[in-house]
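Got the viewer open? Load the model, switch to cartoon, and keep the selection box handy.

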Amino acid sequence: MIYSQEVQHMCVVKKGAKHQSAPIPEEGKWVRAKEITDISGLTHGIGWCAPQQGGCKLTLNIKEGIIQEALVETIGCSGMTHSAAMASEILPGKTLLEALNTDLVCDAINTAMRELFLQIVYGRSQSAFSEGGLVIGASLEDLGKGLRSQVGTMFGTLAKGARYLEMAEGYCTRIALDADSQIIGYEFVNLGKFMDMVKKGIDANEALEKAKGSYGRFKEAVKYIDPRNE
């Protein structure tokens, strides 16, 4: 270590009080983090690319500084799905610091990693007050039984109004309108349930009907429209 001439000629002033770092909550305990291995928890980060044409939600489960689990969800850009596939292989096994300084193929995923890092090193994690943290695989619970991302896709114009294309429940097949042509509900197909039934050998048309559901006052509608074709 090299000191400048100015520092070399300074007299020594002893350090008084010991200024420790503030403890942060981690998996049900308070930790004074000094090393990357002191960091544990499950948390999320949201990222975006430079042209802002796509976004990423990244979920990591970290134990003693090592990423044990990664869930990468993307929207808005077709290329991001392939980037997410690579990131899901890259992230597990890396330390939190390694992951922060690794090219995760897509700007949106890299940005999500940065935002997640900031949260977790400050103790803002989903498992901050969960004793022992969350089990590996906990991030999948956010997806539900169908293991599909929670996606909402809506379109609207001043001339023709709103169209519900996809809700958390699934792919929207029909919109219910009242006598004033206002939306009062919708019908959907849970694609996760549908595919599970098809894989079990159930006829596709039967599976489609069984996977359907509705929300709101769907059955009271005066008119039903197909949100993609009407």
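Here is a walk from the sheet to the cores, the charged pairs and a helix further along the chain.

First, the ground rules: this is a predicted model, where local features need pLDDT of at least 70 and side-chain atom pairs count only at pLDDT 80 or more, while totals for chains, interfaces and linings use all residues. Numbering runs from 1 along each chain as its sequence is written, and side-chain values use heavy atoms, with hydrogens and water left out.

**Stop 1: the sheet.** Select 41-48, 55-63 and 66-75, which are strand 3, strand 4 and strand 5. Helices (H or I, at least four residues) and strands (E, at least two) are DSSP runs, numbered from the N terminus. The 3 strands make an open antiparallel sheet in the order 3-4-5; two strands pair if DSSP finds at least two bridges between them. Strand 3 and strand 5 each have a single partner strand, so each has one side with no neighbour in the sheet. From one strand to the next, the twist averages 15°. Zoom in on strands 4 and 5: their antiparallel pairing runs over 9 bridges. Thr59 sits opposite Leu71 of strand 5.

Now add the helices. Helix 2 packs on the sheet, touching strand 4 and strand 5, and its direction makes about 175° with that of strand 5. Helix 4 lies across strands 3, 4 and 5, at about 140° to strand 3. For these angles, axes are lines fitted to C-alpha atoms (for helices, over the stretch in contact), and values run from 0 to 180 degrees between N-to-C directions.

**Stop 2: the largest core.** Which residues touch the most other members of the largest nonpolar core? Show Leu58, Leu91 and Met113 as sticks; they do, out of 24 residues. A nonpolar core here is a set of buried Ala, Val, Leu, Ile, Met, Phe, Trp, Tyr and Cys residues joined through side-chain atoms within 4.5 Å. Buried means under 20% relative accessible area, exposed over 50%, partly exposed in between (1.4 Å probe, protein chains only). Strand 4, strand 5, helix 2 (78-90), helix 3 (96-100) and helix 4 (107-121) each supply at least two residues, and helix 4 gives the largest share, 7 residues. Center on Met113: leaving aside neighbours within four places in sequence, its contacts (heavy atoms within 4.5 Å) are Leu58, Leu60, Leu91, Leu96, Ala99, Leu100 and Leu104.

**Stop 3: charged pairs.** Pick Lys57 and Glu73, whose side chains meet in a salt bridge at 3.7 Å, N to O. Lys57 is in strand 4 and Glu73 in strand 5, so the pair ties together parts 16 residues apart in sequence. The count of salt bridges (a Lys or Arg side-chain nitrogen within 4 Å of an Asp or Glu carboxyl oxygen) comes to 10. Is Glu73 buried or exposed? Buried, at 11% relative accessible area, whereas Lys57 is partly exposed at 25%. For another pair, try Glu220 and Arg217, at 3.3 Å; Glu220 is exposed at 53% and Arg217 partly exposed at 42%. Then add Asp142, which shared salt-bridge partners join with Lys57 and Glu73 into one network.

**Stop 4: helix 5.** Select 191-199, where the buried residues are Gly192, Phe194 and Met197. Their cover includes strand 9 (183-189) and helix 6 (204-210). At the start of helix 5, a side-chain oxygen of Asn190 comes within 3.1 Å of the backbone nitrogen of Gly192. After the helix comes Gly201, with a positive phi near 100°.

Technical notes
Polar contact = N/O pair within 3.5 Å; in protein donor to acceptor, adjacent residues only side chain to side chain.
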